[in-house]
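Dear colleague,

I am handing over the structure shown here, together with an account of what was found in it. Please read the account alongside the sequence and the coordinates.

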Amino acid sequence: MPRTKGDHEARRRDVSEAVWRVLAAHGFGGLTLRAVAAELGATTGLLTHYFPAKRDLVAYALDLLDRRSASRPRRAGGQGLSAVRAAMLDVLPLTAEATDSNRIWVSSWDTALTDPALSDDYARKYAQSRDKLRDLIAAAQQLGELPAGDPARIAAGAQSFLLGLVVQALFNPEAFPPDRQTELLDDYLASLSSPRSPSA
């Protein structure tokens, strides 16, 4: 019987789920046609219909990661400092799903660093993330919930704090469980809220 469009879409969904499971378990270093085929219970020959080369598989995986990250539910943060807190909590590996996403993101850094086009793309994505934080921080400053200061500089520091905490939580989840990550974030935000001395 000829394959229908529904069959094709169902197969693409199956392939997407198999790629995601391989990424979650092994990262980009373990992403191969053979590994995805084994996860799918199919032959590598079938996968070459979707991914003629390894680079096609990597490009697809990066796009899948983008789409999964964009579609993940976000916290309703309200306004001001609570919105800053919610946005930062959304980045941290506080759930199994968020942990998988962060593991995959971190494992993709090596791939991105060796590809100039991907490096530029990642730099743009992190700049966009900083810009969103900057706007939230500026709004909190306008409400008087954060002291005056360059919101772009504060956002750069906040992003650096987040990325550092993500890496520590991934490598040592026992020392940085979700409640500990949240405590550290709240300590960080409290330090931002404290008035600085004139010499600071």
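**Arg75 and the loop after helix 4**

Arg75 touches Ala86, Leu89, Asp90 and Leu94, with residues up to four places away in sequence not counted. Please note that this is a predicted model. Arg75 is placed in the loop between helix 4 and helix 5. Although Arg75 and Leu89 are 14 residues apart in sequence, their C-alpha atoms are 8.2 Å apart in space. Is Arg75 counted as buried, partly exposed or exposed? Arg75 is partly exposed because its relative accessible area is 40%, which falls between the limits of 20% and 50%.

Pro73 belongs to the loop between helix 4 (54-71) and helix 5 as well. Pro73 has a relative accessible area of 67% and is therefore exposed, the cut-off being over 50%. The C-alpha atoms of Pro73 and Asp90 are separated by 8.7 Å, with their positions 17 residues apart along the chain.

**Overall architecture and confidence**

The secondary structure of the protein amounts to nine helices and zero strands, and the pattern along the sequence is α-α-α-α-α-α-α-α-α. The C-alpha trace spans about 75 × 35 × 30 Å along its principal axes. Of the 200 residues in the protein, 35% are buried. When contacts between residues at least 6 apart in sequence are considered, 64% of them join residues at least 24 apart.

The mean pLDDT of the protein is 87, and 92% of the residues score at least 70. Among the elements, helix 8 has the highest mean pLDDT (97), whereas helix 1 (residues 5-26) has the lowest (79). Over residues 1-5 pLDDT stays under 50, and the model has zero contacts for these residues beyond four places in sequence. Where pLDDT is low, the predicted coordinates should not be read in detail.

**Helix 5 and its surroundings**

Which residues of helix 5 (residues 81-89) are buried? They are Ala83, Val84, Ala86, Met88 and Leu89. The cover over the buried residues of helix 5 includes helix 7 (116-142), helix 8 (151-171) and helix 9 (178-193). Two of these buried residues, Ala86 and Leu89, are also touched by Arg75.

Helix 9 also contains Ala190. Ala190 is partly exposed because its relative accessible area is 41%, again between 20% and 50%. The C-alpha atoms of Ala190 and Gly27 are separated by 35 Å, and the two residues are 163 apart along the chain.

**Nonpolar cores**

In soluble globular proteins, nonpolar side chains tend to be buried together. In this model, the largest nonpolar core has 28 residues, and those with the most contacts inside it are Val19, Leu23, Phe28, Leu31, Val36, Leu47 and Phe51. At least two residues of this core come from each of helix 1, helix 2 (33-40), helix 4, helix 6 and helix 7. Phe51 touches Val15, Leu33, Asp56, Leu57 and Tyr60, not counting residues up to four places away in sequence. Another core, of 23 residues, lies apart from the largest one, and its members include Val84, Ala140, Ala158 and Tyr188. Val84 is one of the buried residues of helix 5 noted above.

**The largest pocket**

The largest pocket has a volume of about 920 Å³. The elements that each give two or more residues to its lining are helix 4, helix 5, helix 6 (96-113), helix 7 and helix 8. Which of the helices gives the most to this lining? Helix 7 does, with eight residues.

In total, 30 residues line the largest pocket, and those nearest its centre are Arg74, Val91, Lys125, Ser129 and Lys132. By class, the lining consists of 16 nonpolar, seven polar and seven charged residues.

With kind regards

How values were computed: Residues are numbered from 1 along each chain as its sequence is written. This is a predicted model: local features need pLDDT of at least 70, side-chain atom pairs count only at pLDDT 80 or more; totals for chains, interfaces and linings use all residues. Side-chain values use heavy atoms; hydrogens and water are left out. Buried means under 20% relative accessible area, exposed over 50%, partly exposed in between (1.4 Å probe, protein chains only). Helices (H or I, at least four residues) and strands (E, at least two) are DSSP runs, numbered from the N terminus. Contact means heavy atoms within 4.5 Å. pLDDT is the predictor's confidence in each residue, from 0 to 100. On a 1 Å grid over the protein atoms alone, a cavity is a set of points where a 1.4 Å probe fits but cannot get out, and a pocket is an open set with protein on both sides within 12 Å along at least five of seven lines; lining residues have an atom within 4 Å of a point. Grid points are joined across faces, edges and corners, and a volume is the space filled by probe spheres set on the points. Ala, Val, Leu, Ile, Met, Phe, Trp, Tyr, Cys and Pro count as nonpolar, Asp, Glu, Lys and Arg as charged, and the others, Gly among them, as polar. A nonpolar core is a set of buried Ala, Val, Leu, Ile, Met, Phe, Trp, Tyr and Cys residues joined through side-chain atoms within 4.5 Å.
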